[in-house]
Amino acid sequence: MNSRSQECVRALRYISKEEAVAIETELLRDYHFGRQQLTEILGHACATAITKVFPLWSLEKRQPTVLVVCGPDQNGCVGLACARHLRVFEYIPTVFTPKRSSDSLHQDLMVQCERMDLPSLSYLPTEVQLINEAYNLVVDAVLGPETEASSVGEPFTGVLQTLRGLKVPIVSLDIPSGWDADESSSDGISPALLVSLMAPKRCALNFPGSHFLAGRFLPFDLQRKYDLNLPKFSGTESVVQL
């Protein structure tokens, strides 16, 4: 890493979950972004980051299979959009949703996945070897930073236990599911790739794996207000490696 890149990393702010909620609230309320618009931007960026770390040619299995596990809230919506874009990028994603969502956006995104012939699982195998054999990697879009780790119950505790036992690489969107957004964790999911959304969270400060940021769309005055010091994105890229 050159001195310019090191300077960017040192200056980059890792935000709290309260700041993450405040930024999203301002985008929706003051800047008139729509939830579907944000979800689509972030889902596309997450899929792009996956193609950079796990390009099609590098996958070990004959088919470029990916399992995308999506929770019922906003992080799950981003995961569904990501799955659809992965299909456009010629991966073969399968979707699993541990809990049916009452969110209309989530339901719309599920319909879009179905209409693009993305298969879905009715249950997640508890025998991790079945997942290891069937998929090249697993996308974790189960729980977002707004979720209190201490309040997580079934079916999510069972899903997280299964994910912890996998040998295939895990890609976590925004934060690894089950982590507190403000603190790192050594006993939870250990993703190979983390794609932070809008700005990295405090839990990722010492993240040891590949780390990308999807946040190029943030208005400049909002970046200044929260002193984010986002790194420079190359060319027309929607993601940057941290």
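Two strands are taken to pair if DSSP finds at least two bridges between them. The legends below apply this criterion to a predicted model.

**Figure 1. Overall view of the predicted model, with eight helices and seven strands.** The radius of gyration of the protein is 17 Å, close to the 18 Å that the globule rule gives for 242 residues, so the protein is as compact as a globular protein of that length. Along the principal axes, the C-alpha atoms fill a box of roughly 45 × 40 × 35 Å. Of the 242 residues, 52% count as buried. The protein exposes about 11700 Å², and carbon and sulfur atoms supply 48% of this area. Among contacts between residues at least 6 apart in sequence, 72% join residues at least 24 apart.

**Figure 2. The open sheet and its edges.** The sheet is formed by seven strands in the order β2-β1-β3-β4-β5-β6-β7, and its pairing is mixed. Strands β2 (92–96) and β7 (240–241) stand at the edges with a single partner strand each, so one side of each is left without a neighbour in the sheet. In general, strands of a sheet pair through backbone hydrogen bonds, either parallel or antiparallel. At one edge, β1 and β2 run parallel and are joined by five bridges. Within this pair, T65 stands opposite I92 in β2. At the β7 edge, strand β6 (residues 210–214) pairs with β7 in the antiparallel sense over two bridges. Here F212 stands opposite Q241 in β7.

**Figure 3. Strand β1, covered on both faces.** Six of the six residues of β1 are buried, so the strand is largely enclosed by the rest of the structure. In a regular strand the side chains alternate between the two faces of the sheet. In β1, one side carries T65, L67 and V69, while V66, V68 and C70 lie on the other, and all of these residues are buried. Helix α4 (residues 74–88) runs at about 160° to β1 (65–70). The strands that α4 lies across are β1, β2, β3 (137–141), β4 (170–173) and β5 (193–197).

**Figure 4. Surroundings of V138 in strand β3.** V138 is buried, with a relative accessible area of 0%, against a cut-off of under 20% for buried residues. Leaving aside residues up to four places away in sequence, V138 touches L67, V69, I131, L163, L166, V168, P169, I170 and V171. Two of these contacts, L67 and V69, are among the buried residues on one side of β1. V21, by contrast, is 26 Å from V138 in space, C-alpha to C-alpha, and 117 residues from V138 in sequence.

**Figure 5. Helices α2 and α3.** Helix α2 (residues 17–29) has 13 residues and reaches 18 Å from its first C-alpha to its last, close to the 18 Å expected at 1.5 Å a residue. The buried residues of α2 are K17, E19, A20, I23, E26 and L27. The elements covering these buried residues include α3 and α8 (220–225). Helix α3 (residues 35–53) has 19 residues, and the distance from its first C-alpha to its last is 27 Å, close to the 27 Å expected at 1.5 Å a residue. An α-helix has 3.6 residues a turn, so residues three or four places apart point the same way. In α3, the buried residues are L38, T39, L42, G43, A45, C46, A47, T48, A49 and I50.

**Figure 6. Backbone geometry at P155, D174 and M198.** A cis peptide bond joins E154 and P155, with omega about 5°. P155 is found in the loop between β3 and α7 (156–164). D174, in the loop between β4 and β5, has a phi near 75°, a positive value in a residue other than glycine. The relative accessible area of D174 is 7%, and this residue is buried. M198 lies in the loop between β5 and β6. Although M198 is not a glycine, its phi is positive, at about 75°. M198 is likewise buried, with a relative accessible area of 10%.

Terms used: Residues are numbered from 1 along each chain as its sequence is written. This is a predicted model: local features need pLDDT of at least 70, side-chain atom pairs count only at pLDDT 80 or more; totals for chains, interfaces and linings use all residues. Side-chain values use heavy atoms; hydrogens and water are left out. Helices (H or I, at least four residues) and strands (E, at least two) are DSSP runs, numbered from the N terminus. Contact means heavy atoms within 4.5 Å. Axes are lines fitted to C-alpha atoms, for helices over the stretch in contact, and angles run from 0 to 180 degrees between N-to-C directions. The radius of gyration is taken over C-alpha atoms; the globule rule is 2.2 Å times the number of residues to the power 0.38. Buried means under 20% relative accessible area, exposed over 50%, partly exposed in between (1.4 Å probe, protein chains only). Accessible areas come from the Shrake-Rupley method with a 1.4 Å probe; for residues, only the protein chains shown count as cover. The expected span of a helix is 1.5 Å times one less than its number of residues.
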